[in-house]
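Here are a few exercises to work through with the model open beside you. Try each one before reading its solution.

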Amino acid sequence: MTPRSPLLVLLAAALLLTGCRDDDGSEPSAGPSTSATASATATATGQPAGGSDLKIAQGLPVLARVKGTEFGSGITLDLLGVERTSDMHATARFLLTVDEQDKNGGRVSTFSLGSTNFGSYLSGSLSDVRLVDEAAGETLAPLTVNGNRCLCSSLPLTPPAGVAGQQAVFVTFPAPAAGTEQVAVQAGDFPLTPPVELTPPGRVAFTDEPPAATVATAKATRFTLISRSAALDGASRRTDRGNTVAVDVSADVLFAFGSAELTPAAQATLQDVATEVKTRAAGPVEIVGHTDTVGDSAANQTLSLRRAQAVLAALQPQAPGLSLTASGRGESEPVAEDRGRGDSTEAALNRRVTVRYPVAPPPLPPPAQPGAEVVAPDAAAVSSLSGDGRLFEVLELRRLSDGIVQGTFRLTNQASDGQIYQRDFLEQRSPNPYSGATLSGLRLVDQASGSAYAPLVDSSRICLCTELVPRPMKPGQTSLLYASFKAPPTTSTTVDISVPSFKEPLTGVPIR
């Protein structure tokens, strides 16, 4: 989940050889969570168990099971529950299982479960985990104290070679928003879990989970959950930020150059916008005009206002009872650098009218049933593409909720003597809201709704999708990949999938 650049991968390799140290070169201090997992870590490192935390964890029902893909190969996380521990914090508890070897026969590393952004968290802890609160439109990062120490379990970067074991682990988060009843969990190089129901405090606690006094001094970090989609005809682009929707309608569709008079072609596009606003807006609707940077800035300011007013006049009769306001921002809020070229793709993106409004939280499904496994690495493919020595397979598209669909994919190098790179699946469009090298270039294409859906991302630019390895894939090598998307309407039972570097899309892929 945290972007892992080639430099950080090399740094991780060094850490695996030298061990984890604090910034001053000394061994890490115990912090708030080391003793919490001492007995369980003993099992993961091949020493006698006997720890009550591990026994407690082994006795709890598994709500969801996720497995590491590339960086987390050989690791299984069993989600045991997410507890609203107090008004200030929540605690997620897991049973961590480490295999004797990773998928390549090497030593298993817990590197993928620790944040590689060493400025935010110290390494060697279960810090690369987030709660996804779909109802509030947020992702929640672990609480920190003393600048960058995670209130979470410590992890050995590499258990001894040839040793398998289990460890009871926890992560402490800011409390989800009031009224939130379910959350999903995103951990490192693992897929998103289905939503699980929050449990009340007091059911169980692992040793040395932080006391209330420590939580009271901790730093809470929340990010906005963002989904992006675009109309297949290019007329509009939509961004959901939390529970606010912004629809950018292309001014080139709505108006002739330099004009504020709606074209005949604008009617169909605005009809779709009006239908959405009328059925989903839960508050005032803001209409904002924007221009490119061509021409006089004062004239652009006036043009942007007049265009916003024209859109308001078209929408108001179709959205009775809603408050609509219009304003113009001219060229002051570009979404792409157009360098004053009116004929560029960037300039076309900047010429837009944005319709922004709040929406009610989406309905959530029943919580996950105990034992639900998200990824089945050996599953038969439901659809596939091949070419240039690559085989890209869809193992599953699953609705985790009405608002989120998760895809599980398998990439295989079929070339007899060549190498392929996962970087071909990066988002290549500008502006790019994703950081790092991730599976961000895929799109779910729903012909029925006329929209293409991009992988989910949050306001820290972290994609809810697989981190791609920088090294080439060797002949015969296989990688498991995943990505979570804003869900098409529930009436859509199949979608197409646009895969970068393949000319033709996958078609008619079923959603289960």
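**Exercise 1.** How many residues does helix α7 have, and how far does α7 reach from its first C-alpha to its last? Then work out what surrounds α7.

*Solution.* A quick note on ground rules: this is a predicted model, where local features need pLDDT of at least 70, side-chain atom pairs count only at pLDDT 80 or more, and totals for chains, interfaces and linings use all residues. Residues are numbered from 1 along each chain as its sequence is written, and side-chain values use heavy atoms, with hydrogens and water left out.

Step 1: get the length. Helix α7 covers residues 297-315, which is 19 residues, and spans 27 Å, close to the 27 Å expected at 1.5 Å a residue. (The expected span is 1.5 Å times one less than the number of residues; helices are DSSP runs of H or I with at least four residues, strands are runs of E with at least two, and both are numbered from the N terminus.)

Step 2: look at the N-terminal end. D296 caps α7 there, with a side-chain oxygen 3.1 Å from the backbone nitrogen of A298.

Step 3: find the buried residues, meaning those under 20% relative accessible area with a 1.4 Å probe, protein chains only. Among them are N300, L303, S304, R307 and V311.

Step 4: see what covers them. The cover includes α5 (251-254), α6 (266-280), β13 (285-290), β14 (324-328) and β15.

**Exercise 2.** Is T354 buried or exposed, and which side chain does T354 join through a polar contact?

*Solution.* Step 1: place the residue. T354 is in strand β15, residues 352-358.

Step 2: check its accessibility. With a relative accessible area of 3%, T354 counts as buried.

Step 3: look for a polar partner. The T354 side chain makes a 2.5 Å polar contact with that of D248. (A polar contact is a pair of N or O atoms within 3.5 Å; within protein, one must be able to donate a hydrogen and the other to accept it, and residues adjacent in sequence count only if both atoms are side-chain atoms.)

Step 4: list the other company. Setting aside neighbours within four places in sequence, T354 has contacts (heavy atoms within 4.5 Å) that include A246, V247, E286 and H290.

**Exercise 3.** What is the strand order of the open four-stranded sheet, and why is one side of β17 and of β23 left without a neighbour?

*Solution.* Step 1: write the order. It goes β17-β18-β19-β23, with antiparallel pairing. (Two strands pair if DSSP finds at least two bridges between them.)

Step 2: go to the edges. β17 and β23 each have a single partner strand, so one side of each lacks a neighbour in the sheet.

Step 3: count bridges. β17 (residues 383-387) and β18 share five, while β18 and β19 are joined by nine.

Step 4: inspect the connections. β17 and β18 make a hairpin with two residues between them, and D388 in that turn has a positive phi of about 55°. The hairpin of β18 and β19 has four residues in between.

Step 5: check burial. Nine of the ten residues of β18 are buried, so β18 is largely enclosed by the rest of the structure.

Definitions and conventions:
Buried means under 20% relative accessible area, exposed over 50%, partly exposed in between (1.4 Å probe, protein chains only).
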